[in-house]
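Open your viewer and get ready to click along. We will stop at two interfaces and a few charged pairs, choosing what to select at each stop.

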Amino acid sequence: MITLLILALSLICWGIALGAHALLQPKILRALTLPAPRRGTLRLLRLVMPFCALALCLQLEICCAVLSWFGCFSLAGIGASATLTLASLRQRREHPAGTLAV
Amino acid sequence: MRKSSNNKRRKSPVLFWTVRLLLGLALVYLCGMGMLDAFRTGHKGPVPIAGYLGAFAVMPIVLLVVFSLPALGRGRVPALLLPGLLPSLLLCARIATSAGSFLHA
Amino acid sequence: MGWLHEWIGFLGGLVLVVCFTAGSLALFDIELTRWMQPELARYHPAPLSDAALDKVGGIVAQMRQNGRNAFITLPTPRDPILRVLHFNGHAFLGTAYSPTDGFPVLTRPTDGGQLFFDLHHSLYRGPFWGNMVTEIAAIGLLIAVGSGLIIHFRSIIPDLLLFRPFASRTRAWMDAHILAGLLFLPFMVMMAYTGAVIHGPRLFPMFGGGHHGRPGLHRPSGDSRATYAPLSPMLHEAEKIFGPATIGLILFENGTVSMTRADSSSFVLTRDHAVFSAQDGTLVDVVRQKDPSRRLGGILRGLHFIRWAPLPLRWLYFLSGIAGSALMSAGLILFLMKHRDRRGSRFLFRLAETLTMGVTTALPIACLGYLWANRLFWSDLPERAHWEIEAFFLVWAVGLVHAAWRSFGPTPLRGWNEHFVLFASFALTVLPLDFLTRTSNGYLSSFDVYKAVDFTAFAFGLLALFIHRRLATS
């Protein structure tokens, strides 16, 4: 049970870090027509959150910790990408093409 | 526009890339074999293990290097080269075996 | 580099999709075997008794005297039952025994999840040619990953999470392919590399070590002993050496009994064992793998097979494996998209599309067909395990024929769509199938391995239904 909890928290940490990374990329903001957010906080999250995930995973056995850390990165990436895509779809619905200045 | 696309097509004929792939795969196998042999002969402990692990890392890298080399000449390998492929491979194998024997000695 | 990635990716991908799909399922091989033996649902886990073990030891002695190379697997949390198994050339088959009294538990004979393990490492064509093909495909995957990285090198960091489903269809598939490729890169590289290294001696037989395939079908037991010394004292002594609840296998050979550590007992899969005399049960030897090469092999096997890991980590592996399969399927589809305009009417293109459908959609249907066959064939059908396998390959072959029919016809897209409908209908009905063909008290009271399989199939069914609807509306 504790393993599951650690993995869930690690997934969230990675999700936040990767989401922040994506929002820092002008190309992704442009392609997904998302508004430009504040960069300072995002940079901090991108830097700190993977270490938080690592610290959480290290509560497990070392081999398990390393594999979990990488595994969470992969799954959280899919989750973050799906969230951004959904946000982008909503944005497109609210602001049809050309009405949103990025 | 037409000229440029023609040039592009001429530079990447299937035959050229297929020959490069076959030669590359032969080289990959020889490199793997050579590396395993070199690290096994006369060594004990971690050296053969490093060779064994390294061989499987080197094999894909060798093929990527082969495909990174710039195209030869005008980007064509004459079809006449195909019949020469097998003797070339045999020659490579022979050289590798000789090199292996030399390393043994 | 693009050409290399495209062709190595396509040719290797056809094999690798099978390897990844089957490998992902093989991670839960024991659980699938239990699902395929619904008689065990009524059985409640109980600790192993000495009397049961000694009784089963006698049964093994009889079997070995009759020339069958049998061995014992001890109860574990994943499979809390005592089993006497033998190898049939593809899988370990045998009878289940109650760990409390050693009486046989009547279960239907089945290869269970081991089919997927065999399919994963040898495409069911072991121990040489199939393994050789998968070994080469593993190296091909490393090459494809390397060339893919070189192609997208500049955009790896900025495009890490870029996915544009509303762009053109090719762009969307390409985004999905790159997204999965980048995110699951550590998993893919690790699995391809460990897989290639574990079975490496097969590629270089001149350096000794043999082909590392599983032993052949006919392997005489070489044991004429009618009885063995009681096994329980040996087990207790072995547990004193290796630690409590660490022994998983009891192997018999040349007048000796080996109490072997379970694969789940540690990360390094070394199969350390204590050897006892079969005649009087005295300890003969304790074998611990200290040779660095063997320990390294154990580490790589531990990483690849992940039998030591807790359940959540195995689920992570499973999802990563499925993502890997989806990534390679997307690659195959991109290959078809690229060539459809110029070569769409050629025989080779249509063959390529048939094979792609065969591995991406027909194989999962065959996997579900295997589960269905297991529950629908009557339990005392002669050669039952064999017929289940036949059903699996028959469904796969029918899927392939259907794929060929559609690919060589004017409407190939309908073929994909029909496969998704078929998959969804098979998968969504696994849950009612299980409910109707298994007698169990309190179906809704607990979450067990049976429901895990049912709901996983259900989730994949929903996904297939979603894809079908998207395909139908596009």
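## A tour of chains A, B and C

Between chain A and chain C, the count is one salt bridge. Keep in mind as you look around that this is a predicted model.

**Stop 1: the one salt bridge between A and C.** Select Lys27(A) and Asp159(C): they form a salt bridge, and their closest N and O atoms are 2.9 Å apart. Where does each partner of this pair sit? Asp159(C) is in the loop between helix H5 (129-151) and helix H6 (169-183) of chain C, while Lys27(A) is in helix H2 of chain A. Now show the surface around the two. Asp159(C) counts as buried because its relative accessibility is 11%, under the 20% cut-off. Lys27(A), at 34% relative accessibility, counts as partly exposed.

**Stop 2: the rest of the A and C interface.** Widen your selection to the contact residues: 31 in chain A meet 26 in chain C. Together the two chains bury about 2400 Å², with 81% of that on carbon and sulfur atoms. Which three residues supply more of chain A's buried area here than any other three? Highlight Lys27(A), Leu67(A) and Leu75(A), which supply 21% of the area that chain A buries against chain C. You have already met Lys27(A) as the salt-bridge partner of Asp159(C).

Next, look for polar contacts: four residue pairs across this interface have one, with both residues at pLDDT 80 or more. Color the elements on the chain A side. Helix H1 (2-23), helix H2 (26-31) and helix H4 (62-94) of chain A each give two or more residues to the side that touches chain C. The largest share, 19 residues, comes from H4(A). Sorted by class, this side of chain A has 18 nonpolar, eleven polar and two charged residues.

**Stop 3: the C and B interface.** Move to the other side of the tour and select the contact between chain C and chain B, which takes 25 residues from chain C and 22 from chain B. About 2200 Å² is buried here, and carbon and sulfur atoms give 83% of it. Click on Trp3(C), Phe204(C) and Phe207(C): they supply 33% of the area that chain C buries against chain B, more than any other three residues.

How many salt bridges are counted between chain C and chain B? The count is zero, although three residue pairs are in polar contact, both residues at pLDDT 80 or more. Among the elements of chain C that supply at least two residues to this side are helix H1 (2-26) and helix H10 (292-305). H5(C) gives the most, with seven residues. By class, the side of chain C that touches chain B has 20 nonpolar, four polar and one charged residues.

**Stop 4: charged pairs inside chain C.** Select Arg108(C) and Glu39(C), whose side chains meet in a salt bridge at 2.8 Å, N to O. The pair links distant parts of the chain, 69 residues apart. Are these two buried or exposed? Both Arg108(C) and Glu39(C) are buried.

For another pair, select Arg414(C) and Glu418(C), which form a salt bridge at 3.6 Å, N to O. Both lie in helix H14 (residues 412-428) of chain C, four residues apart, about one turn of the helix. Arg414(C) is partly exposed, with a relative accessible area of 47%, and Glu418(C) is partly exposed at 24%.

Finish by selecting Asp29(C), Glu31(C), Arg78(C) and Arg314(C), which are linked in a network of salt bridges. Over all chains, the count comes to 18 salt bridges.

Definitions and conventions: Residues are numbered from 1 along each chain as its sequence is written. Chains are lettered from A and ligands numbered from 1 in the order in which they are written. This is a predicted model: local features need pLDDT of at least 70, side-chain atom pairs count only at pLDDT 80 or more; totals for chains, interfaces and linings use all residues. Side-chain values use heavy atoms; hydrogens and water are left out. Contact means heavy atoms within 4.5 Å. Buried area is the accessible area (1.4 Å probe) that two parts lose on being put together, summed over both. A salt bridge is a side-chain nitrogen of Lys or Arg within 4 Å of a carboxyl oxygen of Asp or Glu. A polar contact is a pair of N or O atoms within 3.5 Å; within protein, one must be able to donate a hydrogen and the other to accept it, and residues adjacent in sequence count only if both atoms are side-chain atoms. Ala, Val, Leu, Ile, Met, Phe, Trp, Tyr, Cys and Pro count as nonpolar, Asp, Glu, Lys and Arg as charged, and the others, Gly among them, as polar. Buried means under 20% relative accessible area, exposed over 50%, partly exposed in between (1.4 Å probe, protein chains only).
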